[in-house]
Amino acid sequence: TCPQCHRSASLDQRGLRGFQRNRLLEAIVQRYQQGRAAAAAAAKCQLCDRSPPEPAAVLCEQCEVLYCAACQLRCHPARGPFAKHRLVPPPSHPGAPGGGGDGGKGAGGGRKLPTCAEHDLENYSMYCVSCRSPVCYQCLEEGKHGKHDVKPLGAMWKQHKAQLSQALNGVSDKAKEAKEFLVQLKNLLQQIQENGLDYEACLVAQCDALVDALTRQKAKLLTKVTKEREHKLKVVWDQINHCTLKLRQSTGLMEYCLEVIKENDPSGFLQISDALIKRVQVSQEQWVKGALEPKVSAEFDLTLDSEPLLQSIHQLDFIQMKCRVPVTVPPVPLLQLEKCCTRNNSVTLAWRMPPLTHNPVEGYILELDDGDGGQFREVYVGKETLCTIDGLHFNSTYNARVKAFNSSGVGPYSKMVILQTSDVAWFTFDPSSAHRDIVLSNDNQTATCNSYDDRVVLGTAAFSKGVHYWELHVDRYDNHPDPAFGIARINVVKDMMLGKDDKAWAMYVDNNRSWFMHCNSHTNRTEGGVSKGATVGVLLDLNKHNLTFYINGQQQGPPAFENIEGVFMPALSLNRNVQVTLHTGLEVP
């Protein structure tokens, strides 16, 4: 049984040589050995009397000799006949000018593509999901995998790499928390030592005042304090050793996984990716809840009562103050600024509770203002500590804060974090809302249509505030069609020209003229049409509540529509005779 994938296999007449080779591990070892060999083969001075020679500092192209700094001054001064010699940095090793010792091949560049174990002349090209192994086309033709679920090798390679990377993120976060936890534990050691010494000094002072009656009792009390301190120290050291071991295992697994991800051999990667993903997930699961919390506190819950009468001295003992701590509201959450970010008109916030928090937390309340200094409103309530808010205004500054709650009530707010959304909009055509006849390409930035009838496609951004501008480049224009450009609401009718219903505002244009259209009403006929290579600009000004169009940089009459309010999306209608490409993130003309 394989120790990595846990699959059983039978030996054939080839014996152990019949097993699949772990090419990915071989490649990592080869890359490591090549790195060591390159380091060992560093260029050395060719005139040094020392043994071993000093590393070379320069190479004289005329003398073809490597010099260290000392030998250059002594044997190759920059005067006389040597003054015109050209000195250059040394190569990576002697005999390889220019440092090209590997013949120009990158890491793994000299390796042959792996061939199928069953068919030596065929390269792996597909991946059998049922058997979890790479296969070639001949394997599929022979029928062994004919009815299995088979997918392209490159796609499965990328998918498994993404799964492994995602799993690694969880382990990386836990490793970071573990490092912080180790610092806390080491501080706890110091606090325990200091507090223990303080308790001992206090105890000695009290017992010395009653020395005649407390001589024997003093020894007993000191023993109790020492045992308590030793117990706490032992518990903390055990936790440190246990946590260090887990951290070392996780770090080693992370380093191995990162080396695996660097590999460019899909079939070799897929050989071990399932098992490696499971190992990473198991590694993450071993950090169970409570594993990163101290098992003991630095405080000594011991108080000496020195007030009893002299006849009660022999009954003197510590009063244990370990009472049940009542549940109170949670403390202030800490915003993790390194994880807070903005993208387009979305913001992402992350937070966590402070270390050594003993009060339970049932959930969090995230609040955001209106982007204009107005009142805060709740945008998220739940147990997660990472939240993304979409659909905000562009070019706006938002203030965010978070607080925790439990059965005792709501805790205080965190510090506010200020987040600035993008000043210009970056978006593409939206495949999820487009008519089924629309064909998108070029990362959803280029659109055409399969139908001779006009079909509508919307953009992925929605606007309700600010000034926004985008352009559409006409890549193809055949047989004088009438594409329409403009804006629309999300529920616009998508099987007819843009602007024929009351949900869209558009300019439609042919090769000679353009018209504005809304509710099937045609207005403002303007000379000047489009052809292949033309550019149509759309300017949406929601501060002035109007819409303006441009063709090749020339404004098409006055603002097309005024007094428009609400939420609008970029929109386009076209048929199969037109192809356009969208350009966004542009400055307002």
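Domain bounds in the exercises below come from an automatic or database domain assignment. The structure is a predicted model.

**Exercise 1. Domains of the chain**

Determine into which domains the protein chain is divided, and how many residues domain 1 and domain 2 each bring to their contact.

Solution. Begin with the assignment: the protein chain is split into domain 1 (21-90), domain 2 (158-286), domain 3 (334-420) and domain 4 (438-583). Next, take the centres of domain 1 and domain 2 over C-alpha atoms; they are separated by 46 Å. Finally, count the residues at their contact: domain 1 supplies 8 residues and domain 2 supplies 11 residues.

**Exercise 2. The packing of α4 and α6**

Decide whether helices α4 and α6 are roughly parallel or roughly antiparallel, and state which residues make their contact.

Solution. Step one concerns the geometry. The axis of α4 (residues 153-209) comes within 9 Å of the axis of α6 (residues 266-285), and the two cross at roughly 25 degrees. Step two applies the cut-off: angles under 35 degrees count as roughly parallel. The helices α4 and α6 are therefore roughly parallel to each other. Step three gives the hand of the crossing of α4 and α6, which is left-handed.

Step four lists the residues in contact. From α4 these are L153, M156, W157, H160, K161, Q163, L164, A167, L168, G170 and V171. From α6 they are P266, S267, F269, L270, S273, D274, L276, I277, V280, Q281, S283 and Q284. Step five sorts the residues of this contact of α4 with α6 by character: 13 are nonpolar, 8 polar and 2 charged.

**Exercise 3. G196 and R229**

Establish whether G196 is buried or exposed, and which residues it touches beyond its neighbours within four places in sequence.

Solution. First, locate the residue: G196 belongs to helix α4. Second, consider accessibility, for which buried means under 20% relative accessible area. G196 has 0% relative accessibility and therefore counts as buried. Third, inspect the contacts: with neighbours within four places in sequence left aside, G196 meets V225, R229 and F300.

Fourth, turn to the partner R229, which is in helix α5 (residues 211-262). Its relative accessibility is 16%, so R229 also counts as buried. Not counting residues up to four places away in sequence, R229 touches I192, Q193, G196, E200 and F300. F300 thus appears in the contacts of G196 and in those of R229.

Fifth, examine a separation along the chain. G196 and K176 are 20 residues apart in sequence, and their C-alpha atoms are 30 Å apart.

**Exercise 4. Y256 and its surroundings**

Find which residues Y256 contacts, apart from its neighbours within four places in sequence.

Solution. Start with the position: Y256 is part of helix α5. Then list its contacts, which are Q4, L25, I28, I272 and L276 once neighbours within four places in sequence are left aside. For L276, the separation can be added: it is 20 residues from Y256 in sequence, and the C-alpha to C-alpha distance is 9.7 Å. L276 is also among the α6 residues that make the contact with α4.

**Exercise 5. Backbone geometry in loops**

Identify what is notable about the peptide bond from S51 to P52 and about phi of E64 and C519.

Solution. The point of reference is that most residues other than glycine have a negative phi, and most peptide bonds are trans. Against this, the bond from S51 to P52 is cis, with omega near 0 degrees. P52 sits in the loop between α1 (23-40) and β1 (58-60). The loop between α1 and β1 also holds A42, which is partly exposed at a relative accessible area of 31%. A42 and P55 are 13 residues apart along the chain, with 7.2 Å between their C-alpha atoms.

Next, E64 has a positive phi, near 55 degrees, and is not a glycine. E64 occurs in the loop between β1 and β2 (65-67) and is exposed, with a relative accessible area of 65%. C519, likewise not a glycine, has a positive phi of about 55 degrees. C519 is placed in the loop between β24 (513-518) and β25 (521-527), and its relative accessible area of 41% makes it partly exposed.

Definitions and conventions. Residues are numbered from 1 along each chain as its sequence is written. This is a predicted model: local features need pLDDT of at least 70, side-chain atom pairs count only at pLDDT 80 or more; totals for chains, interfaces and linings use all residues. Side-chain values use heavy atoms; hydrogens and water are left out. Axes are lines fitted to C-alpha atoms, for helices over the stretch in contact, and angles run from 0 to 180 degrees between N-to-C directions. Helices (H or I, at least four residues) and strands (E, at least two) are DSSP runs, numbered from the N terminus. Angles under 35 degrees count as roughly parallel, over 145 as roughly antiparallel, 65 to 115 as roughly perpendicular and the rest as oblique. A crossing is left-handed if the near helix is turned anticlockwise from the far one by less than a right angle, and right-handed if clockwise. Contact means heavy atoms within 4.5 Å. Ala, Val, Leu, Ile, Met, Phe, Trp, Tyr, Cys and Pro count as nonpolar, Asp, Glu, Lys and Arg as charged, and the others, Gly among them, as polar. Buried means under 20% relative accessible area, exposed over 50%, partly exposed in between (1.4 Å probe, protein chains only).
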